[in-house]
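I opened my notebook to write down what I could look up in this structure. I went through it one place at a time.

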Amino acid sequence: MGVLRVSEHLPPCVIINTVVQVLSSVVPEKVHNKRLKQSSRNWVQRQINDPYVAMAKASGYRTRAAFKLVEIQKKFGVLKKSSIVVDLGAAPGSWSQVASTLCKQVIAVDLLDIKPLPGVHFIRGDFLEEATVRLVVDALDGERVDVVLSDMAPNSCGIKKVDHIRITSLVEAVYEFCDEMLRPGGAMIAKVFQGGASPDILCNLKRRFQTVTHFKPTASRKESPELYLISTGFRSPH
Ligand SMILES: C[S@@+](CC[C@H](N)C(=O)[O-])C[C@H]1O[C@@H](n2cnc3c(N)ncnc32)[C@H](O)[C@@H]1O
């Protein structure tokens with residue numbers, strides 16, 4: 001399979017159309033390696049048979065997650081050529097790849113390191129820590145942000161209530177950052193889990209944004225509890 005590299009000249013929609021041909025060549029396969037645990041066999045099998053994995057490989061994206069943002073962009077059109085974007089929870093970097101092909105500037109943050117990407121200023125750190133937020137503000141050099149993306153996900157401990165509290169604090173940190181740094185009219189996209197945002201989060205977002213919508217991209221696996229809050233039309237509190 002030839003590799004089609006993501007470049008400034010190939011917007012994601014063109015890439016998708018091109019790799020549709022790749023999809024037709026993906027034939028479901030069964031994994032028979034008996035040395036693997038059943039759960040690992042299931043994972044490998046899912047990877048092999050997943051058309052988004054094939055598409056990501058063919059288009060040079062680091063992971064299939066890229067197509068979630070591509071779908072969000074197709075439906076909501078939040079990323080513009082002139083946009084300054086902050087991508088939170090960026091590793092390994094697929095959303096930053098998409099954003100950097102479409103936008104003017106991308107600042108990416110993650111607890112984990114990412115391999116360098118052209119046009120992306122990467123900051124390694126915990127977004128819940130003030131020191132990391134300060135580094136983002138410094139990198140913005142007096143500019144405001146047009147779009148804040150957050151695909152941040154806490155490590156699941158399996159206890160629903162605890163996982164819910166963890167993701168809630170991440171979303172809160174994201175909209176508090178928006179209060180300081182998002183341009184009026186700007187957008188925030190944030191991952192939430194299990195049936196969407198809590199009434200509290202929704203209420204806080206609706207006070208800040210003209211529209212708040214839940215969206216589950218088809219690239220997000222059905223069995224995954226994740227979905228995205230798409231908030232547009234930021235009203236600055238200042
Ligand atoms: C689902 S992955 C993101 C995938 C990414 N959007 C992509 O397209 O490649 C979630 C990421 O959130 C990061 N993360 C979780 N909590 C974080 C925090 N407090 N600060 C920064 N990054 C965090 C994790 O390290 C992980 O890399």
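My entries follow, from the whole chain down to single residues.

**Entry 1: the whole chain**

I noted at the start that this is a predicted model. I looked up the elements next. The chain has eight helices and seven strands. I then checked burial. Of the 238 residues, 34% count as buried. I also looked at contacts between residues at least 6 apart in sequence. Of these, 59% join residues at least 24 apart.

**Entry 2: the nonpolar core**

In soluble globular proteins, nonpolar side chains tend to be buried together. I looked up the core here with that in mind. The largest nonpolar core has 57 residues. Those with the most contacts inside it are Ala66, Val85, Leu88, Ala99, Val148, Val174 and Met188. I asked which helix gives the largest share of this core. It is helix 7, residues 160-181, with seven residues. The core also draws on two domains: at least three residues come from each of domain 1 (12-59) and domain 2 (66-234).

**Entry 3: helix 3**

Helix 3 covers residues 51-59. I listed its buried residues: Tyr52, Met55, Ala56, Ala58 and Ser59. Where do they sit around the axis of helix 3? They cover an arc of only 165°, so they are on the same side of the helix. Just after helix 3 comes glycine 60, and I noted its positive phi of about 80°.

**Entry 4: helix 4 and alanine 66**

I moved on to helix 4, residues 66-76. Its buried residues are Ala66, Phe67, Lys68, Leu69, Val70 and Ile72. I picked alanine 66 for a closer look. Leaving aside neighbours within four places in sequence, alanine 66 is in contact with Ala56, Tyr61, Ser94, Trp95, Gln97 and Val98. Ala56 is one of the buried residues of helix 3. Ser94, Trp95, Gln97 and Val98 are among the buried residues of helix 5. After helix 4 I found glycine 77, whose phi is positive, near 55°.

**Entry 5: valine 78**

Valine 78 is in the loop between helix 4 and strand 1 (84-88). Is this residue buried or exposed? Valine 78 counts as buried because 23 C-beta neighbours lie inside 10 Å; the cut-off for buried is 20 or more. I looked up its contacts, not counting residues up to four places away in sequence. Valine 78 touches Gln73, Val147, Ala187, Ile189 and Thr232. The partner isoleucine 189 is 111 residues away in sequence, yet the two C-alpha atoms are 9.2 Å apart in space.

**Entry 6: a cis bond, then helix 5**

I checked the loop between strand 1 and helix 5, where proline 92 lies. A cis peptide bond joins alanine 91 and proline 92, with omega about 5°. Helix 5 is mostly covered, with eight of its nine residues buried. They are Ser94, Trp95, Ser96, Gln97, Val98, Ala99, Ser100 and Leu102.

**Entry 7: lysine 104**

Lysine 104 lies in the loop between helix 5 and strand 2. This residue counts as partly exposed because 15 C-beta neighbours lie inside 10 Å. Its contacts, neighbours within four places in sequence aside, are Lys81, Ser82, Ser83 and Ile84. I looked up the distance to isoleucine 84. The C-alpha atoms are 5.9 Å apart, and the residues are 20 apart along the chain.

**Entry 8: the ligand**

I counted the shell next. The ligand is surrounded by 22 residues. The closest are Ala65, Gly89, Ser94, Phe127 and Asp151. Which elements give two or more residues to this shell? They are helix 5 (94-102) and strand 2 (105-110). By type, the shell has 14 nonpolar, four polar and four charged residues.

**Entry 9: helix 6 and the loop after it**

Valine 136 is found in helix 6. Valine 136 counts as buried because it has 21 C-beta neighbours inside 10 Å. Residues up to four places away not counted, valine 136 touches Val86, Ile107, Val109 and Ile123. Valine 136 and valine 86 are 50 residues apart along the chain, with 8.3 Å between their C-alpha atoms.

My last stop was aspartate 141, in the loop between helix 6 (130-140) and strand 4 (145-150). Aspartate 141 has a positive phi of about 50°, although it is not a glycine. This residue is exposed because only 7 other C-beta atoms lie within 10 Å, and the cut-off for exposed is 12 or fewer.

Key:
Residues are numbered from 1 along each chain as its sequence is written. This is a predicted model: local features need pLDDT of at least 70, side-chain atom pairs count only at pLDDT 80 or more; totals for chains, interfaces and linings use all residues. Helices (H or I, at least four residues) and strands (E, at least two) are DSSP runs, numbered from the N terminus. The arc is that of the directions from the helix axis to the C-beta atoms. A residue is near a molecule or strand if its C-beta atom, placed from the backbone, lies within 6 Å of it. Ala, Val, Leu, Ile, Met, Phe, Trp, Tyr, Cys and Pro count as nonpolar, Asp, Glu, Lys and Arg as charged, and the others, Gly among them, as polar. A nonpolar core is a set of buried Ala, Val, Leu, Ile, Met, Phe, Trp, Tyr and Cys residues joined through C-beta atoms within 7 Å. Domain bounds come from an automatic or database domain assignment. Two residues are in contact if their C-beta atoms, placed from the backbone, lie within 7 Å.
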